Amino acid sequence: MSPPAPRPSRTPDDPRPRRTPPTAPPGRTPPGRTLPGGTPPVPRPRLTPSVLAAVLTAVFAALLHALTPFPAAADTAAGAAPGGAPADWAARPGGGAGDRDARPYVYLEGTPGTALQDRLAVTNSGRAPLTVRLRGDGRAGAWARFADDTVTVPPRTRAEVPLALTVPPAATPGDASGELVATGRGAEVRVPVRVRIGGPTLAALTVEDVEIAGGAIRYALVNRGNALLRPRLAVRVEGVFGTLLDRPERPLPLELAPGRRVERTEPWPDAPALDAVTVRLRVVAEGGARDEAEASETYVPVAPAAGGGLLLVGGVAALASRAYRKRRTGRGTPRPPEPPEAGAPPGTGASHRGPDPDHRPLAQAGARP
């Protein structure tokens with residue numbers, strides 16, 4: 001095999017056009033080349049959509065963080081802690097030297113007409129004097145009177161304000177509740193107060209207005225006695241084919257003061273689509289208080305009910321149409337001819353007044369028409 005022939009070189013007078021090598025855009029160096037001085041080209045970074053989205057997200061988060069105020073700083077400036085409690089002062093039942101000895105609420109016992117004594121402690125842990133206003137709220141709170149309704153507490157000081165709670169002479173024996181309210185520096189503290197009034201105690205509880213609405217059971221609890229009650233509830237639902245719901249007795253998260261009424265809802269998301277059910281609620285409380293109530297409901301699917309209504313309407317329409325056709329058929333039946341009167345020619349009746357084109361004499365047997 002002979003070697004390939006050498007490619008002839010172009011001469012200056014060659015008429016064929018010369019091919020020009022491609023040139024790179026301004027600012028870019030063609031691949032495989034170097035910059036003057038032998039320095040290799042530096043690749044330019046490309047801004048992809050993911051990188052752009054990350055950059056924009058970081059910028060937006062920084063702006064949002066800079067414009068959003070700090071909750072702790074705002075609450076401190078207003079004189080309140082982030083949880084809503086005062087940042088530099090507190091109010092609690094008096095008598096305790098520290099947090100371990102502090103009572104959770106003011107508790108007093110007495111008979112009707114008795115004046116009961118206690119104290120409310122106000123602690124100012126700030127660096128400026130604190131002025132608070134004191135008042136009572138609720139049934140038992142309205143019976144309380146402070147030695148001073150407005151008290152100024154020096155910095156880093158704890159002051160105990162005496163109070164007197166007088167039980168009305170006509171108060172019903174049992175439990176009464178209320179609150180002692182202290183307001184200062186734009187914040188408010190409520191201290192619970194409970195009073196046990198001596199005398200015969202009556203615990204009475206009723207469950208009322210039971211109904212089934214949607215996927216829930218609604219009812220109302222009423223304290224009919226004079227004692228504070230903590231009710232417990234049991235729910236049972238019976239259907240045609242057995243028990244649908246059976247929730248054992250459990251405590252409810254509430255306290256019923258004497259005379260108080262509370263409306264509640266018991267969720268029941270698994271109500272049947274077709275059944276007749278009876279809901280029974282049983283409530284009990286301390287002191288022997290108990291009551292039961294029930295309600296009934298019938299569940300019928302919407303689609304089958306609508307189909308049954310259409311079938312009923314169709315059956316009535318068919319019967320009416322049949323009766324109408326029968327009545328029309330009875331009208332088309334010919335009546336028998338009336339008997340001829342005496343002396344009248346044959347073929348004429350008593351009510352015949354002339355020839356009737358619709359009634360022609362019948363042809364006799366064997367006779368030609």
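## The loop at Arg-185

Arg-185 sits in the loop that connects strand 8 (174-184) with strand 9 (187-197). The model described here is a predicted one, and every value given below should be read as a property of that model. Strand 8 and strand 9 form a hairpin with two residues between the strands, and within that hairpin Arg-185 adopts a positive phi near 55 degrees. Most residues other than glycine have a negative phi, and Arg-185 takes its positive value although it is not a glycine. With a relative accessibility of 26%, Arg-185 counts as partly exposed, because the buried class ends under 20% and the exposed class begins over 50%.

A positive phi of about 55 degrees is also found at Arg-156, which is not a glycine either. Arg-156 belongs to the loop between strand 6 (150-153) and strand 7 (157-166). Its relative accessibility of 61% places Arg-156 among the exposed residues.

## Strand 9 and its partners

Strand 8 and strand 9 run antiparallel and are joined by eleven bridges, and one of the residues in this pairing is Ser-177, whose bridge partner in strand 9 is Arg-194. Strand 9 also pairs with strand 2, here in the parallel sense and over five bridges; in that pairing Gly-110 has Ile-197 of strand 9 as its bridge partner. Strands of a sheet pair through backbone hydrogen bonds, in either the parallel or the antiparallel sense.

In a regular strand the side chains alternate between the two faces of the sheet. Along strand 9, Ala-187, Val-189, Val-191, Val-193, Val-195 and Ile-197 point to one face and are buried, whereas Glu-188, Arg-190, Pro-192, Arg-194 and Arg-196 point to the other face and are not buried. Ile-197, the bridge partner of Gly-110, is thus found on the buried face of the strand, while Arg-194, the partner of Ser-177, is on the face that is not buried. Arg-194 also lies over the face of Tyr-105, at 4.5 Å from the ring centre.

## The five-stranded sheet

Which order do the strands follow in the open sheet of five? The order is 2-9-8-4-6, and the pairing within this sheet is mixed. Strand 2 (106-110) and strand 6 are the edge strands, each of them pairing on one side only. From one strand to the next, the twist averages 25 degrees.

## The four-stranded sheet

A further open sheet contains four strands in the order 13-12-15-16, with antiparallel pairing. Strand 13 (242-251) and strand 16 occupy its edges, each with a single partner strand, so one side of each has no neighbour in the sheet. In this sheet the twist averages 10 degrees from one strand to the next.

Strand 12 (residues 232-239) and strand 13 run antiparallel and are joined by seven bridges. Within this part of the sheet, Val-235 stands opposite Arg-247 in strand 13.

## The aromatic pair

How many aromatic pairs does a search of the whole structure find? The search finds one, formed by Trp-268 and Tyr-299, whose ring centres are 6.4 Å apart and whose planes stand at 85 degrees, so that the pair is edge-to-face. The assignment follows because planes over 60 degrees apart count as edge-to-face, while the centres have to lie within 6.5 Å for two rings to pair. Trp-268 lies in the loop between strand 14 (261-267) and strand 15 (275-285), and Tyr-299 lies in strand 16 (residues 289-299), so the pair ties together parts that are 31 residues apart in sequence.

Trp-268 is buried, its relative accessible area being 2%. Tyr-299, with a relative accessibility of 15%, counts as buried too, because the limit for that class is under 20%.

## The protein as a whole

The protein has four helices and 16 strands, and 26% of its 369 residues count as buried. About 25,900 Å² of the protein is exposed, with carbon and sulfur atoms supplying 58% of that area. Among contacts with a separation of 6 or more, 63% are accounted for by residues 24 or more positions apart.

Conventions. Residues are numbered from 1 along each chain as its sequence is written. This is a predicted model: local features need pLDDT of at least 70, side-chain atom pairs count only at pLDDT 80 or more; totals for chains, interfaces and linings use all residues. Side-chain values use heavy atoms; hydrogens and water are left out. Buried means under 20% relative accessible area, exposed over 50%, partly exposed in between (1.4 Å probe, protein chains only). Two strands pair if DSSP finds at least two bridges between them. Axes are lines fitted to C-alpha atoms, for helices over the stretch in contact, and angles run from 0 to 180 degrees between N-to-C directions. Rings of Phe, Tyr and Trp (its six-membered ring) pair if their centres lie within 6.5 Å; planes under 30 degrees apart count as stacked, over 60 as edge-to-face and the rest as tilted. A charge sits over a ring if NZ of Lys or CZ of Arg is within 6 Å of the ring centre and within 35 degrees of the ring normal. Contact means heavy atoms within 4.5 Å. Accessible areas come from the Shrake-Rupley method with a 1.4 Å probe; for residues, only the protein chains shown count as cover.
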